[in-house]
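Here is a short report on the overall fold and on one strand with its partners. Start with the structure itself.

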Amino acid sequence: MTALNLRTTAEIQASDAAHHWHPFTDTAELAAKGTRVISSAQGCWLTTNDGDRLLDGMAGLWCVNVGYGREEIVEAVARQMRQLPYYNTFFQCTHPAATEFAEALSEVSPAHMSRVFFTNSGSESNDTVFRLARVYWDCLDKPSKKMFIGRRNAYHGSSVIGASLGGMGAMHAQSGLPVPGVHHIGQPYWFGEGGESDPAEFGRARARELEAAIDAIGEDNVCAFIAEPIQGAGGVIIPPETYWPEISRICREREILLIADEVICGFGRTGNWWGSDTYAIEPDLMSIAKGMTSGYIPMGGVLISDRVAEVVAHKAGEFYHGYTYSGHPAACAAGLANLRILREEKLVERVRDDLAGYLAKAWAGLADHPMVGEARTKGLLGALELASDSAARTRLAPLDGMGAGARCRDLCVENGLVMRAVGDTMIISPPLVISHGEIDELAARARKALDGLADAYARKGAAA
Ligand SMILES: *Cc1c(COP(=O)(O)O)cnc(C)c1O
């Protein structure tokens, strides 16, 4: 039990249902089920208000890369807040924390990117990207280049522009999105959409949709292509190895900007500092957030290539864009302390040289489970495709109105594991400090949940 909270779980749930409107939530359904109350956390483990421990296979929401309970970050933030809790970075001002963090970021950024624009979230980063990329072409006297090309089932945030650049059908349907100026092409999701083609051929075909879209829209009208190196919220969609080389070729041959949304892939998740390193992508702009502070304080940013920076800095005059909390001192202090941990503990190298292989092996052990159609990983991202027939990639029918993924997710929680469901794709993104023993535990608990799922389907089959 946590000592921090004197209210009972039932009291917290009742108050929460009355006053707290949750993101991405069916509010009526939540009130009926009751929220899970997480009260404390340490390392890779969450503790509920009732004292149950859960292994956090998602690092919060893909962000707590250095794990929970890092005193170095807590201390750095407290120190900064005592010295200067807030000052803006508008009007000719800066402060030491913003300067120091920007410089530290440039040391780990790709060589051609030496500047950062600070935001407070991934969504704001993509709003910034949308405006900055358009300003870039205006500066080059190509004002017709306004159209963004994104991908179906991509996630770029929940602001109006973030949701528009993203390709989430349910989000679009609810509020009349996307806004004009955004076009979507297909995603490199072989398991879900590859049909009879082989993955390499499918990867190339999906990449060439970009070329076809540029031709259809007209190169003079296209501003940029934006994509996550690996789609996260869409279901940890690891593209076939043929995909990114083909996208890179198209972006080199055509005059458009290439924007990598590194909000999940950045800061070591794929075994390099950037997903762009993992796939040899050379982006003009990169959106960052999440692992930037390991989630201890909200923060995001846009890393800007020197090519874009020189043009905009010299030709645009004032860039009429910024947030009150751009470069917030406490967030910068958290980011600096986080970066120091990543570097001193060599966590990026640890993912590359040790954990990626260890997780891949543990995960591959689940591939032959009768409920699993595919098990895939890259770095510390992983997915399990639930299917009744792995060769045919046949999906499971819902049981009593509940999809297999949602049921599997609940079974994971019953077995002390947080694993997220995207439709019938189960996904993980654990902290980069996870141990071998904890990876074994993660796989063992996932297997128990899959066994429970198999039992539920067998019982239903016997009853039918
Ligand atoms: C989470 C996410 C975002 C949005 O970040 P917020 O901080 O929630 O606004 C954008 N892009 C990607 C790839 C993400 O995973």
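Of the contacts in the chain between residues at least 6 apart in sequence, 72% join residues at least 24 apart; contact means heavy atoms within 4.5 Å. This is a predicted model: local features need pLDDT of at least 70, side-chain atom pairs count only at pLDDT 80 or more, and totals for chains, interfaces and linings use all residues. Residues are numbered from 1 along each chain as its sequence is written, and side-chain values use heavy atoms, without hydrogens and water.

The radius of gyration of the chain is 22 Å, which agrees with the value near 23 Å for a compact globule of 464 residues. That radius is taken over C-alpha atoms, and the globule rule is 2.2 Å times the number of residues to the power 0.38. The C-alpha trace spans about 70 × 60 × 45 Å along its principal axes. Buried residues account for 54% of the 464; buried means under 20% relative accessible area (1.4 Å probe, protein chains only).

The chain has 17 helices and 15 strands. These are DSSP runs, numbered from the N terminus: helices are H or I with at least four residues, strands E with at least two. Strand β5 (residues 147-151) is mostly covered, with 4 of its 5 residues buried. Its pairings follow; two strands pair if DSSP finds at least two bridges between them.

| Partner of β5 | Sense and bridges | Opposite residues |
|---|---|---|
| β7 (residues 222-227) | parallel, 3 bridges | Met-147 and Val-222 |
| β6 (residues 182-185) | parallel, 4 bridges | Arg-151 and Ile-185 |

How values were computed
Buried < 20%, exposed > 50% of the residue type's maximum accessible area, 1.4 Å probe, protein only.
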